[in-house]
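Please open the structure in your viewer and keep the selection tool at hand. The tour below proceeds stop by stop.

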Amino acid sequence: MAFQINLGGEGEISGVLNQQGRWVVTAFGWRSSQTGESIAELVRSRHDFLIADNVALPLPDRVADEVITNNIPPVDSITWLGPTVQSSEIRRILKSGGRWIHNGVVRFIKP
Amino acid sequence: MTTFFDLFVAHSSDPDVRDDPTWADRRFLELVATSPFHPWRPGEPVAAKGERILIGVATWSGYDMRLLDAIAEAYLQTQVDFTTIDVFNVADCGTSNDFACYYPGPIQITQTPTAGLWKEGQFDSFLQGQAARQELIRFFDVGSVEIVGFVNDWIKGRALAQ
């Protein structure tokens, strides 16, 4: 089974939390932009969350078959919420042959 | 009308511009200049008459870009001349404190779009994220436009095409 990691910004499927300031990460306080669901509601609907530093992803090398980034602030930059996802980290966690898909477009395939 | 959404599409996939960190911000200003929106900057006067809405959007959000297209279309069709629509790019805010130049009060911005309402020159209310999107859709009566579905379908379509 493919290991897919969604680093998307506004939760096109799973209400992803990436790029949200840590102060909003509470079970009932934060609501996703897209659907308005709370974290508690998303967990109940069987979504898994990994709340972590987005600059240094707490994942081993070459673990992911696919990394998805949809509607996220530009990678390798800084917004008012802090540093954004690092492309080097995406490349690091991808398996050989793994794909980084940005807004539905393949942006990188790991050799 | 997909003027603003086309910006999102180009920045998502066009290799000539996607790695240019300032292209989307420059293009956004060009598009606003040809839209019914006014590009508002801190320090500029606020409309003293009627209703004024200040919308903050992220160019990297397909949802925000599609929302602007929908509002522009509705605005042009209805000619709601008693409402001023000011817009800005949240990329102009380097820190959360910078938003204080756009919206009064202790507001912590965590999501886009952001939307503030002024009535007769007086600040009235503020919303952000999904709540702001829903209120703007209601205000401009663009309920038939499925903002989120439009963006999601586009992304899924691109993914399936590869």
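The stops that follow lead through a predicted model, beginning with a sheet in chain B and ending with salt bridges in chain A.

**The sheet of chain B.** Select the open sheet of 5 strands, whose order is E1-E3-E2-E4-E5 with mixed pairing. Its edge strands are E1 (38-39) and E5 (122-128), each of which pairs on one side only. Strand E1(B) runs parallel to E3 (residues 83-89), and 2 bridges join them. To see one such partnership, display His38(B) together with Asp86(B), its bridge partner in E3(B).

**The helices on the sheet.** Next, add helix H3 (residues 62-78) of chain B, which packs on the sheet and touches E2 (51-57) and E3. The direction of H3 makes about 155° with that of E2(B). Then select helix H4 (residues 129-139) of chain B, which lies across E2, E3, E4 (114-119) and E5 and runs at about 120° to E5(B).

**Salt bridges in chain A.** Over all chains, the structure holds 8 salt bridges. Select Arg92(A) and Asp61(A), whose closest N and O atoms are 2.8 Å apart. Arg92(A) lies in helix H2 (residues 87-93) and Asp61(A) in the loop between helix H1 (39-44) and strand E2 (64-69), so this pair ties together parts 31 residues apart in sequence. Add Glu89(A) to display a network of salt bridges linking Asp61(A), Glu89(A) and Arg92(A).

Finally, select Glu66(A) and Arg99(A), which form a salt bridge at 3.1 Å between the closest N and O atoms. Which of these is buried, and which partly exposed? Glu66(A) is buried, at 18% relative accessible area, whereas Arg99(A) is partly exposed, at 29%.

Methods. Residues numbered from 1 in each chain as written. Chains lettered and ligands numbered in written order. Predicted model: local features only at pLDDT ≥ 70, side-chain atom pairs only at ≥ 80, totals over all residues. Heavy atoms only, no water. Pairing = 2+ DSSP bridges. Helix = DSSP H or I, 4+ residues; strand = E, 2+ residues; numbered from the N terminus. Contact = heavy atoms within 4.5 Å. Axes fitted to C-alpha atoms, helices over the stretch in contact; angles between N-to-C directions. Salt bridge = Lys/Arg side-chain N within 4 Å of Asp/Glu carboxyl O. Buried < 20%, exposed > 50% of the residue type's maximum accessible area, 1.4 Å probe, protein only.
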